[in-house]
Amino acid sequence: MRGIKAARPRQIPLPLEVAHSWGGARKGAGRKPRGRPSMPHTTRAKIEPRYPLQVTIRAAPGLPSFRSARVFGALRRAIARASVDRFRVVHFSIQQDHGHFIVEGDEARRARGGMHGLAIRLALAVNRVLGRKGKVVGDRYHVRPLTTPRQMRTSMVYVLLNFRKHLRAPAGIDPRSSGPHFSGWHRAQPLPAEPAVAVAPTSWMAAIGWKLAGGRLRVEEHPASAPRPRPT
């Protein structure tokens, strides 16, 4: 005897609202931005030893000013120890929550290793002098190759006179920089008693080339907004 087939239940169609979008980004969705946007982890910029590099290292939020006498003294000693292994810090300035540097490396790997080492030295110096542990460097350091005399001179003004931008300082030399020992000012300046921290450049661009783009630096110059550097 054959079994009796059960009748298939009928599906009742339900009314659906017509979709007016295909999903995607929604207003207010996602992680909320906090402060300065971070640098994306993209391909690192190509580094050629003949070109100096402008480097910016930013502090994590909540730290005291890097320009305070106590913290700057520790940073100054760390910068003095960073020029090793064919890597050189030739100019620098320390601002309240970041530092600007112009560096050279005799090889690409020396430059990259030196920049990483500089960031580590600065972080250790800050934690040591403040008696704390934790993050000091707030983001990946920024780096930009300086490939023309104009770029080099503009970068030197930006780094050495950066306090005029952030602190609205009058014309003068920033004591929290390598400016007091810099010999390329338009008017000669008396040398301070303490020894220099930055070392003499060896690349043509940093030693001679920049002078072809406007001559010696003047303390009256004001740094323009620098282009956003590439991450590394």
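Trainee: Which residues lie nearest the centre of the second largest pocket?

Mentor: Keep in mind that we're looking at a predicted model. The pocket has a volume of about 370 Å³, and its lining takes in 26 residues. The ones nearest its centre are Val-90, His-91, His-181, Phe-182 and Ser-183.

Trainee: And which element gives the largest share of that pocket's lining?

Mentor: Three elements each supply at least two lining residues: α1 (69–82), β2 and α5. The largest share is 3 residues. Those come from β2.

Trainee: Let's stay with His-91. Is His-91 buried or exposed?

Mentor: His-91 sits in strand β2, which covers residues 87–94. The cut-off for buried is under 20% relative accessible area. His-91 comes in at 5%, so it counts as buried.

Trainee: Which residues is His-91 in contact with, leaving aside its neighbours within four places in sequence?

Mentor: We've just seen that His-91 is buried, so let's go through what is around it. Its contacts include Met-156, Val-159, Leu-160, Ser-178 and Ala-198. Phe-182 is on the list too, and Phe-182 also lies among the residues nearest the centre of the second largest pocket. The remaining contacts are His-100, Phe-101 and Ile-102.

Trainee: Now the cavities. Which elements give two or more residues to the lining of the largest cavity?

Mentor: The structure holds 2 cavities of 30 Å³ or more, and the largest has a volume of about 70 Å³. Its lining includes Ile-57, Arg-58, Gly-99, Phe-101, Leu-122 and Val-126. The elements giving two or more residues are β1 (53–58), β3 (98–105) and α2 (108–130).

Trainee: On to charges. How many residues apart in sequence are the parts that Arg-67 and Asp-174 tie together?

Mentor: These two form a salt bridge, with the closest N and O atoms 2.9 Å apart. Arg-67 lies in the loop between β1 and α1, and Asp-174 in the loop between α4 (163–166) and α5, so the pair ties together parts that are 107 residues apart.

Trainee: Are Arg-67 and Asp-174 buried or exposed?

Mentor: Buried takes a relative accessible area under 20%. Arg-67 falls in that class, and Asp-174 does as well. For both residues, the word is buried.

Trainee: Which strands does the Glu-104 and Arg-88 pair tie together?

Mentor: Their side chains meet in a salt bridge at 2.9 Å, N to O. Both residues are buried, and they also belong to a salt-bridge network that includes Asp-85, Arg-86 and Asp-106. Glu-104 lies in one strand and Arg-88 in another, so the pair ties together β3 and β2.

Trainee: What about Glu-221: which helix holds its partner Arg-153?

Mentor: Glu-221 forms a salt bridge with Arg-153, again with the closest N and O atoms 2.9 Å apart. Arg-153 is buried, with a relative accessible area of 7%. Glu-221 is in the loop between α5 and β5 (230–231), 68 residues away in sequence from its partner, and Arg-153 is in helix α3.

Trainee: Last one, on the surface. What accessible area does the nonpolar patch with Trp-204 have?

Mentor: Trp-204 is in helix α5 (residues 204–207). At 46% relative accessibility, Trp-204 counts as partly exposed. Trp-204 forms the patch with Ile-208 and Leu-212, and together their accessible area is about 350 Å².

Technical notes:
Residues numbered from 1 in each chain as written. Predicted model: local features only at pLDDT ≥ 70, side-chain atom pairs only at ≥ 80, totals over all residues. Heavy atoms only, no water. Helix = DSSP H or I, 4+ residues; strand = E, 2+ residues; numbered from the N terminus. Buried < 20%, exposed > 50% of the residue type's maximum accessible area, 1.4 Å probe, protein only. Contact = heavy atoms within 4.5 Å. Patch = residues over 30% accessible without salt bridge, like charges linked within 9 Å, V, L, I, M, F, W, Y side chains within 5 Å. Areas by Shrake-Rupley, 256 points an atom, 1.4 Å probe, with all protein chains shown as cover. Salt bridge = Lys/Arg side-chain N within 4 Å of Asp/Glu carboxyl O. 1 Å grid on protein atoms, 1.4 Å probe; cavity = no way out; pocket = protein on both sides within 12 Å on 5 of 7 lines; lining within 4 Å. Points joined across faces, edges and corners; volume = space filled by probe spheres on them.
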